[in-house]
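Me: I would like to learn how to read a ligand site and then the overall fold. Where should I start?

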Amino acid sequence: MKRNSVPRVAAIHDLSGFGRASLTVVIPILSSMGVQVCPLPTAVLSSHSAFPNFHAVDLSKDLQPMIDHWKELDVDFDAIYSGYLGAASQVDTVVQFIQDFSQSDPLVVVDPVLGDNGKLYTAFNSEMVEKMKELVSSADVITPNLTEAAFLLNEKHKKDIELSELKEWVLRLGEMGPEKVIITSVPNGDSRNNSSVIAYNKIDHRFWRVGCDYIPAHYPGTGDAFASVIVGSLLQGDSLPIALDRAVQFISMGVRATFGHNHRPTEGILLEKVLPSLSAPVQISSYQLLD
Ligand code: PXL
């Protein structure tokens, strides 16, 4: 398979002007990891939706003409990576896009952005949840947080979830289609200040866990940053557990770089201070293989 000399990603996310989420996080992270980003913006917002009174422009009508132009240009992609969609109806366009650009066998990563802390984001409703289930079935890799995993499985959001139940959730998400399932923001029963990332690879039936000493939910956009590092790492040829390590380390460093400043958490982590770390190899590996 011919690959681009610089890996190229179609990034299907919104552009939020203020607050460090979606494309303003995806582009710098992937560029820093040596990946070319071609944004297909799903919506333009004045800020992400955790700020009150944001102004949003839905780009649903514009997606297909933009995709058609890419077809005319004969663009091919090493990865297709979707996140926050401007409307539930965009799922059909994205699924078709994945089919139409399948010739180069791109890695398809779907971050099923729906909500956090047990709640849907303000712009979303159950229609978005139902359509997102369809998009998940077209993915090779998905990266829901625990809230999104519960919505995708019609389960109640749980603050305390046993590992055995979580493994069952991960297997059920895998049955929906994706080869690799990564669930973030899983609380550790023993402490309120840390969480875990749990992952499963269908090909070798192995489960992985990486502990995090941060609570990502406090800073919007950390899910986008996490998934972007996973995309960059897998494109560089890293294994699933090394990709998890890189993503967790990057977010931890970002939270640490931010926490000591007098900074509104809604503005996101101070990404600009930690971007250079992405060009370094993984420092310490902390992943665990689960039985
Ligand atoms: O980080 C996910 C995200 C992306 N885009 C928009 C959002 C959010 C989360 O709040 O509001 C517009």
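Reply: Start with a single polar contact. This is a predicted model, and in it an oxygen atom of the ligand has a polar side-chain atom of Ser-49 at 2.6 Å.

Me: What makes that pair a polar contact?

Reply: The cut-off is 3.5 Å between N or O atoms. The pair at Ser-49 is 2.6 Å apart, so it counts as a polar contact.

Me: How far is a nitrogen atom of the ligand from an N or O atom in the side chain of Asp-14?

Reply: That distance is 2.7 Å. On the side chain of Asp-224, an N or O atom lies 2.7 Å from an oxygen atom of the ligand.

Me: How much of the ligand's accessible area does the protein cover?

Reply: Compare the ligand on its own with the ligand in place. Alone it has 320 Å² of accessible area, and the protein covers 96% of that. The ligand sits in the largest pocket.

Me: Which residues surround the ligand, and how do they divide by type?

Reply: Among them are Ser-16, Leu-45, His-48, Tyr-84, Val-113, Tyr-121 and Gly-221. The shell has five nonpolar, five polar and two charged residues. Asp-14 and Asp-224 belong to the shell, and Asp counts as charged.

Me: Why does the radius of gyration agree with a compact globule?

Reply: The radius is set against the value expected for the chain length. For 291 residues a compact globule would have a value near 19 Å, and the protein chain has 18 Å, so the two agree. The C-alpha trace spans about 55 × 45 × 40 Å along its principal axes, and the chain has nine helices and 14 strands.

Terms used:
Residues are numbered from 1 along each chain as its sequence is written. This is a predicted model: local features need pLDDT of at least 70, side-chain atom pairs count only at pLDDT 80 or more; totals for chains, interfaces and linings use all residues. Side-chain values use heavy atoms; hydrogens and water are left out. A residue is near a molecule or strand if one of its heavy atoms lies within 4 Å of it. A polar contact is a pair of N or O atoms within 3.5 Å; within protein, one must be able to donate a hydrogen and the other to accept it, and residues adjacent in sequence count only if both atoms are side-chain atoms. Accessible areas come from the Shrake-Rupley method with a 1.4 Å probe; for residues, only the protein chains shown count as cover. On a 1 Å grid over the protein atoms alone, a cavity is a set of points where a 1.4 Å probe fits but cannot get out, and a pocket is an open set with protein on both sides within 12 Å along at least five of seven lines; lining residues have an atom within 4 Å of a point. A molecule sits in a cavity or pocket if more than half of its atoms lie within 2 Å of its grid points. Helices (H or I, at least four residues) and strands (E, at least two) are DSSP runs, numbered from the N terminus. The radius of gyration is taken over C-alpha atoms; the globule rule is 2.2 Å times the number of residues to the power 0.38.
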